[in-house]
Every structure is written in C-alpha cells, then in structure tokens.
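The questions below ask what lies behind the terms used for this entry. Each answer sets a value against its rule and then concludes.

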Amino acid sequence: MAEGNGVFPPDNLKAEFDGIVARYPKKTAALIPILMRLQEEFQHITTEDMDGLAAYLDTTPAHVLGVVTFYTMFSQKKRGKHHIYLCKTLSCHIRGAEELLSLFEEKLGVKAHSGDASGDGEFSIDTGECLGLCEQAPCVLVDDQAIGNITPEMVDQIIEELRG
Amino acid sequence: MPTLTIDGREITVDPGTTVIQAAEELGIYIPRYCWHPGLKIAGNCRICQVEVVNPKLKFPCTIACNLMCGDGMVIETDSDEAKKARADVMEFLLINHPLDCPICDQAGECTLQEFSYEYGHDKSRFTEEKVHKSKRVQFSDQVSFDGERCILCTRCVRFCRDVVGNEELCLVERGDHEEIAVANGGGLTNPYSMNVIDLCPVGALTSSDFRFKSRVWFLEETPSACTSCARNCAVDIGTRWDKVMRLKPRENEHVNKWWMCDEGRLNYHYVNAADRLGYAYVQQGGKLVRTSVDDAVAMAHELIGKLPAEKLYGLISARLTNEEIFLAKRYLDQVAGAAGVGFLPRIGEGDDFLISADRNPNARGAGLIGVSAAKGLAADIKAGKVKGLVIFGDSFDHDEELMGALADLDFLVVMDYRLSETAKQADVILPGVTFAEKEGSITNIDGWVSKLNPALPPPAEARRNLDLLAGLLGRAGQDVPDTAEGVFRLLAETVSAFTDISYGEIFAASRQVATDAVVKAD
Amino acid sequence: MSLKPTNILLRGMEKESSATIENYISEDGYKALEKALKEMKPEEIVAEVAKARIRGRGGAGFEAGRKWGFLPKGVDKPVYLACNADESEPGTFKDRHIMEHCPHRLLEGCLLACYAIGSKTGYIYVRGEFPGAQQSLWRAIDEAHEKGYMGEKILGTDFSCEIYVHTGAGAYVCGEETGMLSSIEGGRGHPRLKPPFPAVEGLFRCPTIVNNVETLSNVPFVIHEGADAFLALGTDDTPGPKLFCVSGHVEKPGCYEFEAGANLKELLEHCGGVWKGRKLKGIIPGGASAHILKPDEIDVSMDFGSMARAGSILGSAGMIVLDETTCIVELLRNALEFFAHESCGQCTPCREGTGWAKKIVTRIEAGEGTMEDIDKLWEVADNFEGMGGKTICALADAAAWPTKSYVEKFRDEFEEHVRLGRCPMKG
C-alpha cells in the first residue's frame with residue numbers, strides 16, 4: 001500500500017471502493033475509478049497497490065500494470081501534491097502554451113514528463129493533450145481546478161495560490 | 001452455407017467461417033502475424049489484407065482474419081490493391097524493427113523475414129531514428145524478451161490470458177512505445193509459458209534453453225510424441241550432431257491442439273546425458289563388466305530360465321511403446337512363465353488442460369495389453385515370493401523400499417537406456433534406447449494412439465528395445481518381427497482394442513488415430 | 001442561411017443555478033420523462049427519436065434512432081446505455097458545457113434512452129480531465145434520486161434505472177465507442193473489432209447503446225416537443241440545434257448554440273472575427289481530425305452533408321481559427337504529436353505510421369527536411385488511412401486527414417521550410 005501496511009483496500013477507502021465495485025456487474029470494471037482515487041490520494045500507484053488491487057478485483061497484477069501505463073493520469077512515480085497538466089494541443093499551442101510551459105518549469109524547478117516532483121514535494125507538471133478547455137486557451141488543470149486564459153504574468157500568482 | 005469466390009475459385013463454407021480460413025481450405029495462404037487458429041481474433045497486425053471486389057468501395061482492402069464469408073463475396077488475395085495494402089503494412093512493421101537478423105535466433109523461422117521478402121519493398125524509406133525499447137528482459141528462466149524485435153501481435157498475451165487463463169503478460173504504454181511486459185516483480189510462471197516462444201512470429205520471445213545452440217536451418221525435425229505424461233502431445237524433435245536440441249509442439253487436433261507444457265518440452269536432456277548406456281554389462285565379482293549385447297541377451301535368457309517360474313516377476317515400464325510392452329509381456333508370459341507382470345505407476349500433479357497426473361506415457365496401452373500397475377512388489381521380494389526380477393525399461397532409484405529389497409533377489413535383469421542405480425544392482429544389463437531413438441506407438445489417456453519416430457541412432461552398441469526383446473524371444477525359438485510395424489500387426493491381431501487401427505495410418509498422418517474400440521477399451 | 005440561435009441544449013446556462021434540479025424543473029425539465037413513462041411505450045420513444053433523425057453529435061453523424069433499432073430482439077441479457085462524454089477531440093468542449101451547466105438535461109436524456117431501449121443501467125463515461133463535469137453530474141444524480149427521477153420505480157412506475165458516472169483517466173482513443181467500452185470494463189482503451197457492433201455485443205458482452213452527450217441531450221426536447229419541432233430546426237441533412245465550439249485566433253472564443261447548418265463564415269463573424277485584426281489563414285472546422293479549410297472555403301453550412309461536400313467534416317464542430325501568423329508545418333507537427341501520442345498501439349499502420357509522420361514533419365519544421373520528405377509525409381499518411389481497412393478504429397484516418405490536407409493546401413509553406421532550412425514564420 002502507499003502506507004505499506006499490506007492491506008488492500010486501506011481501511012479509510014474500503015467502503016468507498018466497495019461502493020464503486022457495486023456499480024458494475026463485473027468487478028474489474030471498478031479498476032480505473034479506483035486507480036484514479038489511489039492516484040489522487042497517494043500521488044502515485046505503487047506496485048504493492050497494483051498487486052492488492054488485482055487481488056481485490058479478481059484480476060492479475062499484469063492486467064493492472066497494463067491499465068496503469070495506458071492512461072496518462074496514472075503515475076508510478078510520486079507526483080507533487082499539486083499536479084499541473086498544461087494543455088499543449090492545437091488551440092492552446094497557438095495561443096502560447098509552449099511559453100507558459102517553460103515559465104512553469106522554471107518557477108517550479110521541475111521538468112515536464114520527468115516524473116519528478118519539486119524538491120518540497122508540492123508540485124509536478126506534465127503537458128497534457130487537449131484538456132477540452134479550448135475557449136479558455138491557454139489553460140491548465142491543477143488538481144480539480146481548471147484555470148484558463150493564462151497569461152505569463154499569471155503564473156506566479158497561480159503557483160502562490162496553490163501553495164496556499 | 002455461404003458460397004464465395006476467392007482468387008477466381010468458388011468455395012462453400014460453414015457459416016461463421018472467416019476469409020482467412022476459407023482461403024486456407026483452398027490452399028491459399030494469406031500471410032498473418034496476429035492471427036492464429038488457436039487464439040481469439042485480434043485483428044491488429046493488419047498484414048492479412050485482401051481485396052473485397054466491389055466497385056462501390058473507396059478502400060477495397062480489409063483484413064481477412066475478421067472478415068466473415070458472405071454469400072456471393074468476391075475476394076482477391078493477390079490483386080494489385082491487396083499487394084499494395086500488404087506492402088504498406090509491411091513497411092510500417094519494419095520501420096522500427098532492428099536489422100539484427102544475423103544474430104537473431106528466429107532467423108530461418110521468422111515470418112517477418114519471409115513475408116517481407118514476398119510482400120515488402122526492396123528498400124527502406126525510413127530515415128528517422130528508430131524507437132528504442134527494452135532488450136534482453138528475462139520473463140522467466142526459460143523465456144527472454146526483446147522489445148525492439150516485437151511487432152506487438154499480442155499472440156503471447158492472448159495465449160496466457162485466454163488459453164492458459166492466467167493474464168501474466170500485458171501490454172504497457174501505448175502508440176509506438178507500446179511493449180509486452182510482465183507485472184512489476186512478476187514473471188511468466190504458468191506451466192505452459194514456453195508456447196509463447198513458438199507463437200511469437202519474430203525473434204522477440206526466445207528460449208533460453210535453445211538460444212544460440214543452433215541455427216534452425218541446421219536442425220533436423222522428426223515428428224514424434226512427448227512421453228512425459230499420459231497426454232502424449234505431438235512434438236517435433238529437433239536434432240543436430242546426434243543430440244536433441246529442442247522439442248516443439250506439433251499441431252494435433254485431438255491431443256494437444258498446438259500446445260505442450262514446459263515440463264514436457266524441456267524433458268529431453270536425459271537423451272543427451274553422460275549416463276546413457278552404450279554397452280551391455282554383466283556382474284562379475286561385484287563389478288560390472290562390459291560384454292557384447294548378444295552375449296548379454298543369452299545370459300539374461302539363461303538366468304531367467306534357471307529360476308522356477310513362480311518366483312519370477314516382470315516389471316514392464318509403461319514408458320515403453322505398445323509394441324515393446326507387447327513383446328515384453330509375450331516373453332514373460334509365454335517363455336518365462338512369470339508369476340506376475342506389472343508396471344511402476346507414476347503419479348504427479350495434473351491440471352485440466354494438458355498435464356495428466358499420470359506421468360507414464362503409455363499406462364493406457366499397457367492396460368489394454370494386459371499389464372497393470374505392480375502392487376506389493378517390495379513386500380513380495382522381502383517375503384521370498386519373488387526371487388528373480390526382470391525390468392524392461394524402468395528404474396526405481398528413489399524408491400527406498402524397492403531398492404532395499406533388491407539384495408534379497410537371486411537375480412536381477414535390467415533393460416534400460418541409462419546406467420541407473422537400479423541397473424547397477426543387476427546381474428545383466430541390456431542397453432536400450434529412449435523415445436528419441438525408437439519407432440513405435442503409444443496410447444494416451446483418452447485412447448488416442450500416437451507414433452514415435454527415431455530422431456537419433458542408438459548410442460554406441462545400444463540397441464532398439466524391440467531388437468533386444470525379439471532377441472530374447474528368439475532364444476526361446478519364437479520368431480517375432482523386429483520392426484515396430486510388424487509387431488504392431490501382431491499386437492492388432494491379438495489385442496482387440498487395436499484391431500481397427502492400421503499402423504500405416506498412424507504413420508502416414510504422423511498423428512494419432514483412435515478407434516472406438518480403443519476408446520471403449522475400458 | 002443566417003445564424004439562428006436556439007436555446008435548448010444550454011438553456012439557462014447563464015444562470016448561476018443552471019445546474020440545479022430546481023432550475024431544470026422550472027424550465028420544464030423532466031416533463032419529457034414523465035410523459036414518456038406515463039403515456040408512451042418504449043417503442044414509441046424509439047420511433048419518435050428515429051423520426052427526429054438526431055444525427056450523432058459525437059462526430060460520426062449516425063442517427064440515434066436507427067442505432068437504437070439495431071438492438072437484437074428477444075435476447076435474454078441486460079441492455080446497457082453508455083453515454084460517451086470522453087470529449088477529447090482537440091478544439092471541442094461542448095459536452096463539458098452541457099455537463100457542467102445543464103447536467104439534468106443529459107440525465108433526462110439518458111433516462112429516456114434507457115426506458116426506450118429497455119436498460120436499467122447507464123454509464124456516463126466522462127474523461128478524467130473533466131473533474132468539474134463529473135462533480136456536476138454526481139450532484140445531479142443525487143438530486144434526481146431525491147426527487148424520484150432516478151432509482152427504483154421512477155415516478156411510481158415500473159421503470160427502475162441507475163445512471164453512474166465512470167471516469168476516464170487520460171486517453172483520447174477512449175472517445176472511440178468501443179475503446180470506451182474496453183475502458184469501462186477496466187481495460188486498456190483498445191478499440192474493438194467490428195463486427196460485433198456494440199448494439200449486439202458491447203459492455204460486459206451485452207447489447208449496448210452508445211450515444212454522445214449532446215445527442216442524448218436532444219432527446220428530452222424531441223419527446224417533450226415532438227419530433228416535428230426538432231425537424232423544424234436545422235437543415236434537412238442535420239435537423240435540430242447544434243453546439244459549436246469556437247477557439248483559436250478568434251476574438252470571442254466560446255460554445256455557441258445555433259440551429260445545425262450555421263454558416264461557418266457567419267459564425268466566425270459572430271465570434272468577432274479573427275483576433276487582433278489579423279487576416280484569416282484557415283479554419284479547422286470539426287476538431288483536429290478535420291481537413292483544413294482555406295479562407296475561400298468557409299462559406300459553408302455546418303451540417304454533416306455540406307461539410308463533407310466541402311471536403312472536410314462537421315465532426316465534433318470544434319472550430320479552430322488560425323490567423324495569418326500561424327505556421328502550418330508547426331501546426332501539423334503539433335497535431336501529429338497529439339495523434340502519435342494517443343494512438344493506442346494496437347494496429348501496425350497507426351502505431352508505426354503516426355510516429356513516423358510526426359518525425360518527418362518535425363524535421364521539416366526544423367528546416368532539416370527535403371522535398372522528397374514532403375511527398376513521403378503525404379504518402380505515409382495515405383498509407384495508414386483506410387476507413388477501417390488499415391486499422392480497427394478511425395484514429396489513423398483522423399491523423400491522415402489533417403496531414404494530407406495541410407500538405408495539399410499549404411504545400412508552398414512546406415517547401416519554403418525546406419528551401420530556407422528554417423521556419424519562414426519565425427524570423
């Protein structure tokens with residue numbers, strides 16, 4: 001487990017996960033929603049969790065690994081507490097996404113797609129393919145929050161607000 | 001029943017037949033990587049392009065493996081359109097494929113090489129840097145993986161998931177970074193894992209056991225059957241330099257489909273081992289002394305004749321062929337008049353796929369011929385009921401009770417292929433052969449009869465078991481054939497279960513046949 | 001045809017409370033469901049939806065009513081509804097607007113569809129990058145339960161139905177209907193071979209109807225107002241209201257609702273035209289997959305048929321406006337990075353071809369290409385295009401269309417990169 005106590009699901013998430021499983025006629029269907037919660041809760045998907053989840057959903061660790069590596073929102077390396085997806089596709093690209101990326105990387109001190117989090121563990125950043133916020137290009141998705149119409153001047157402020 | 005036309009030839013097929021299968025029925029081979037008759041259709045490699053002749057179609061080509069035959073359909077497998085579509089796919093398959101054929105173990109049986117020669121372009125237009133992927137990954141002790149050679153056909157993944165029922169392999173990442181993988185800290189552990197090596201159309205999955213032993217085109221392949229359990233999976237024995245280099249499963253619809261277990265596949269090293277018996281031996285002054293085979297046969301017959309028949313027991317291995325068992329039993333029954341014959345049972349763990357719990361390959365045949373499992377032999381020896389023991393084709397080195405009882409015997413005669421601890425106690429040792437050096441038939445757990453074929457000559461002075469047995473019978477004036485076919489005829493005349501089977505039929509098809517009589521035999 | 005605004009799909013979205021059930025009910029929300037459950041048989045719903053000819057708003061334009069009619073009869077298996085809310089086509093954000101602002105309209109559409117097709121369970125597959133839409137839908141589902149529009153014995157009838165949100169986790173290909181089904185089942189989002197089609201064998205190997213968010217959001221109107229009211233809107237080719245997503249180099253980007261068939265040129269003007277007073281270079285009219293249209297090609301009606309005749313697609317109606325400073329080669333590089341990244345990896349031509357095309361265009365953009373590379377780029381794209389013949393799904397086609405059309409229509413710009421050995425747009 002992310003907490004390393006060897007029990008899956010962790011006590012605090014068991015009821016929630018059982019509830020997700022109950023939505024489907026087959027247990028494996030709960031895989032992606034549960035992985036999303038694990039990613040959110042622990043900022044990464046560990047091998048231990050994959051093994052535990054496989055047993056919990058009657059599938060195999062290899063199946064879970066296949067899924068974890070297919071979807072870009074899952075990471076086997078620990079991301080920052082705040083993970084920033086910066087949209088780089090067409091509409092955002094033509095409205096300055098590349099410039100924003102270098103700014104974010106510089107201010108946060110981490111590189112996109114390095115799999116690393118900033119030294120304090122607060123931030124990580126990846127470029128994402130179209131976030132569906134094109135009318136607000138350029139934009140980012142941080143945690144549950146979409147932030148659009150970003151100008152270079154706003155980058156500092158966005159980071160400060162996230163730091164709280 | 002739809003009737004369609006493929007390359008100008010009409011064929012009527014069962015509903016649900018795909019075009020790739022219908023073409024095969026016509027003898028038209030459509031190239032394929034992902035498609036395999038034993039696996040679910042994946043339709044991902046896209047090489048099996050055929051043209052559906054229909055002027056309305058802007059893109060007339062599609063894959064034959066997932067195209068259901070329809071009535072009135074007209075298919076061209078070799079039109080310009082089909083050839084171009086196939087060449088396009090071939091070009092895509094090759095752009096990121098390494099050019100390491102000279103050091104690739106698959107060379108010679110690589111369908112990427114073959115189809116590329118037939119359908120590809122003559123030169124590469126790809127000038128970019130190739131995608132780099134995992135190299136030299138051990139999925140298990142036996143299976144190694146090269147991600148750059150892999151063409152992602154997913155046969156291996158589907159085999160583990162759908163045939164074995166253990167999804168141990170998966171795809172990771174996506175796009176041109178997609179690879180085959182095992183779970184973190186996991187591996188290929190299923191008992192059939194090495195089939196993925198045969199399934200792999202390229203050199204991505206290779207056998208650690210076979211790797212770098214021989215280029216495949218130097219191998220001589222002999223169709224035969226696996227003798228590691230009562231399933232008798234059809235195999236090809238690959239040999240070179242008078243050694244067995246590998247066993248590979250051979251398709252047989254009744255017995256093993258396309259597969260075999262890893263244990264059976266790897267159970268050939270004893271054929272090449274140093275403890276093989278190349279000569280006959282007799283016990284002289286507490287030492288084994290080499291002698292001629294003919295002398296040893298004569299001495300064995302003489303020893304057996306001296307003992308009162310009611311004190312004689314014969315162990316006839318259920319690892320022997322039907323023909324060998326038949327002659328051995330005839331000798332013990334009719335010549336020696338032995339009080340009892342039986343075989344050593346071997347029970348292991350079985351599963352509901354191919355591996356039989358009965359580890360004797362021919363217990364069923366032995367039973368049909370009238371040899372059943374030996375019972376209480378050690379006790380009988382200890383009690384003095386058995387004073388002479390003849391062992392045809394077996395040993396019990398790890399059976400402490402039987403090994404301990406041997407001292408109480410007046411004599412022991414052993415025919416085997418190796419100098420076992422059991423054989424070392426014998427008064428006469430007759431040098432026989434393994435499955436790889438003989439011809440004959442065996443009967444599997446379901447009654448299917450398979451044929452073994454000699455892939456190697458017997459070592460040194462060793463002789464085929466049938467020669468040794470015919471020699472013993474000859475000593476008693478019984479003239480029996482010494483060919484497997486001749487003995488089989490005799491067997492078929494004597495044992496009703498085999499009456500309806502012709503040896504030629506087993507031989508010609510190199511595959512099992514079973515008659516109702518055999519299946520109904522018990 | 002001038003622009004004709006409609007106020008159906010995003011009705012009330014300007015209000016703070018638009019997403020609440022109270023607001024939805026105040027705008028005649030759930031009246032269609034009540035009418036359907038109390039006055040209509042399921043087959044009458046199917047017939048009405050078929051009559052309205054709602055063409056699939058996900059981009060393929062297949063009529064929803066016909067799709068519903070493909071369900072096999074007399075099969076003793078559960079039937080599922082899977083609503084496609086994986087909206088990932090670059091330039092598209094209309095479904096997000098519906099889900100965030102008018103979630104109940106979608107839920108009512110889902111419930112009507114479930115009633116019509118005999119399903120007791122629907123899943124709305126919302127892409128993982130839309131947490132706001134997911135939260136909005138879950139809230140709406142709770143509200144609908146409270147008011148008796150969802151759950152057991154809805155409105156006191158024998159109809160029981162549950163709708164769940166199923167989250168995606170970052171994969172464009174899950175917007176392909178069978179890739180989405182693989183994903184709901186907990187697998188890699190690999191599109192599946194067809195046949196079998198989802199209506200015969202879909203989710204959990206059961207008959208499944210897959211419809212897009214906007215498509216289903218039209219159903220309450222069709223049932224409440226009748227198919228004729230729906231047919232009175234839009235064009236004969238594509239009846240009904242339509243959401244248009246406008247982004248890129250435009251003064252007022254946003255999600256606009258007009259009758260289907262809105263004129264593209266007028267739409268651009270409605271949005272304030274090209275930004276910063278610049279000239280138009282081209283418009284990508286239907287999401288990143290669409291063939292680019294040059295300024296002299298945009299006087300076209302935005303319906304499925306007209307767009308096809310104009311040599312492009314209506315697709316998801318995600319219009320990306322490009323001003324004169326846009327480097328077409330760079331744009332194609334960006335688009336191909338997207339498609340290569342999103343190729344699921346199953347089919348050889350798409351897996352290998354999209355990556356190859358990306359590498360070629362990257363070199364051309366960097367000034368390291370040759371004239372032969374331009375032809376090669378086009379040919380590679382032509383070789384992985386094939387409408388289902390070359391690949392299982394249409395992702396390869398979606399990558400081929402922009403590639404071929406950019407090269408064909410802006411060849412001089414590609415050649416200029418080769419000649420200069422650099423990008424002519426960047427000093």
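**Terms and values**

Q: Why is the pair C:Glu337 and A:Lys88 called a salt bridge?
A: The closest N and O atoms of C:Glu337 and A:Lys88 are 2.9 Å apart. The rule asks for a side-chain nitrogen of Lys or Arg within 4 Å of a carboxyl oxygen of Asp or Glu, so the pair qualifies. The rule finds 3 salt bridges across the interface of chain A and chain C.

Q: What kind of model do these values come from, and what limits apply?
A: It is a predicted model, in which local features need pLDDT of at least 70, side-chain atom pairs count only at pLDDT 80 or more, and totals for chains, interfaces and linings use all residues. Residues are numbered from 1 along each chain as its sequence is written, chains are lettered from A and ligands numbered from 1 in the order in which they are written, and side-chain values use heavy atoms, with hydrogens and water left out.

Q: What makes chain A and chain C count as being in contact, and how much area do they bury?
A: Contact means heavy atoms within 4.5 Å, and 38 residues from chain A and 61 residues from chain C take part. The buried area is about 3,800 Å², taken as the accessible area (1.4 Å probe) that two parts lose on being put together, summed over both. Carbon and sulfur atoms carry 60% of it. On the chain A side, A:Phe70, A:Leu90 and A:Glu135 give 18% of the area buried against chain C, more than any other three residues.

Q: How many salt bridges join chain A and chain B, and what else describes their contact?
A: The rule finds 0 salt bridges across this interface. Even so, 14 residues of chain A are in contact with 12 residues of chain B, and the area buried between the two chains is about 980 Å², with 54% from carbon and sulfur atoms. In chain A, the residues that lose the most area to chain B are A:Ala62, A:Leu65 and A:Thr69, together 44% of what that side buries.

Q: Why does the pair A:Arg163 and A:Asp120 count as a salt bridge, and where do its residues lie?
A: Its closest N and O atoms are 3.1 Å apart, and the pair meets the cut-off because that distance is inside the limit. A:Arg163 is in helix H7 (residues 155-163) of chain A, while A:Asp120 is in the loop between helix H6 (97-108) and strand S2 (123-128), 43 residues apart. These elements are DSSP runs numbered from the N terminus: helices are H or I of at least four residues, and strands are E of at least two. Over all chains the structure holds 84 salt bridges.

Q: How do you know where the domains of chain B begin and end, and what holds between domain 1 and domain 2?
A: The bounds come from an automatic or database domain assignment, which gives domain 1 (3-95), domain 2 (129-271) and domain 3 (280-520). The C-alpha centres of domain 1 and domain 2 of chain B are separated by 27 Å. Their contact takes 15 residues from domain 1 and 14 residues from domain 2, and they bury about 1,100 Å² between them. B:Tyr33, B:His36 and B:Leu39 supply 43% of the area that domain 1 buries against domain 2, more than any other three residues. Across this interface the rule finds 1 salt bridge.

Q: Why does B:Lys40 with B:Asp162 pass as a salt bridge?
A: The closest N and O atoms are 3.9 Å apart, which is within the limit, so the pair is counted. B:Lys40 is also among the residues nearest the centre of the second largest pocket.

Q: What makes up the lining of the second largest pocket?
A: The lining has 45 residues, and B:Lys40, B:Arg161, C:Ser182, C:Glu185 and C:Arg192 lie nearest the centre. Helix H4 (155-164) of chain B, H4(B), gives the largest share, 4 residues. By class the lining divides into 16 nonpolar, 16 polar and 13 charged residues.

Q: What is unusual about the peptide bond joining C:Lys194 and C:Pro195?
A: This bond is cis, with omega about -5°. Most peptide bonds are trans. The bond from C:Pro195 to C:Pro196 is cis too, with omega near 0°. C:Pro195 lies in the loop between H8 and strand S4 (208-212) of chain C.

Technical notes:
1 Å grid on protein atoms, 1.4 Å probe; cavity = no way out; pocket = protein on both sides within 12 Å on 5 of 7 lines; lining within 4 Å. Nonpolar A, V, L, I, M, F, W, Y, C, P; charged D, E, K, R; others polar.
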